[in-house]
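I opened this entry to record what I looked up in the structure below. My notes follow the order in which I consulted it.

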Amino acid sequence: MLYKNPRGIGCVHCHGKDGSGALIAKYKDDGKTKSLRGPNIRNKSIKELKKSLFKRHKVMPTYFLTDSEIEALAYFLSNRGD
């Protein structure tokens, strides 16, 4: 549940149902089609997840997750099948 809806929009929408990344949108820029994708986060350490979650991003919303919630997300992601 935490991965699907941590605080508003869920990780699943950009990082895919297993954390391997997902297409967010396609758009045109100077006549070229570009893609905005959520990155693969399955192999991120707890330290890397915390750093990313507390950093301001251009696209990713800010979440206010506790350490135990981040640890639960890391466990969930590390136990997704390849």
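Entry 1, overall layout. I read the order of elements from the N terminus and noted α-β-β-α-α. My tally for the protein is three helices and two strands. I record here that the model is predicted. For overall dimensions, I took the box filled by the C-alpha atoms along the principal axes, roughly 45 × 30 × 20 Å.

Entry 2, the segment before α1. I looked up Leu2, which is found in the segment before α1. Which residues does Leu2 contact once its neighbours within four places in sequence are left aside? I found Leu65, Glu69, Ala72 and Leu73. I then checked Leu2 against Ala72 and noted a separation of 70 residues in sequence. In space, the C-alpha atoms of Leu2 and Ala72 are 8.3 Å apart.

Entry 3, the packing of α2 and α3. Two packed helices are described by the angle between their axes and the distance between the axes. For α2 and α3 I noted an angle of about 120°, and their axes lie 10 Å apart. An angle over 115 but not over 145 degrees counts as oblique, and I therefore entered α2 and α3 as oblique to each other. I also looked up the handedness of this crossing and recorded it as right-handed.

Next I asked which residues of α2 and α3 meet. From α2, I listed Ile46, Leu49, Lys50, Leu53 and Phe54. Their counterparts in α3 are Asp67, Ile70, Glu71, Ala74 and Leu77. Sorting the contact of α2 with α3 by class, I obtained seven nonpolar and three charged residues, with no polar residue.

Entry 4, the largest pocket. I looked up the volume of the largest pocket and noted about 500 Å³. The lining of this pocket comprises 22 residues, and I recorded those closest to its centre as His15, Pro39, Ile41, Ser52 and Met60. Which elements give two or more residues to the lining? I found α1 (12–15), β2 (32–38), α2 (46–54) and α3 (67–78). Thus α2 and α3, whose packing I described in the previous entry, both appear in the list of elements that line the largest pocket. By class, I divided the lining residues into 15 nonpolar, five polar and two charged.

Methods
Residues numbered from 1 in each chain as written. Predicted model: local features only at pLDDT ≥ 70, side-chain atom pairs only at ≥ 80, totals over all residues. Heavy atoms only, no water. 1 Å grid on protein atoms, 1.4 Å probe; cavity = no way out; pocket = protein on both sides within 12 Å on 5 of 7 lines; lining within 4 Å. Points joined across faces, edges and corners; volume = space filled by probe spheres on them. Helix = DSSP H or I, 4+ residues; strand = E, 2+ residues; numbered from the N terminus. Nonpolar A, V, L, I, M, F, W, Y, C, P; charged D, E, K, R; others polar. Axes fitted to C-alpha atoms, helices over the stretch in contact; angles between N-to-C directions. Parallel < 35°, antiparallel > 145°, perpendicular 65-115°, else oblique. Left-handed = near helix turned anticlockwise from the far one by under 90°. Contact = heavy atoms within 4.5 Å.
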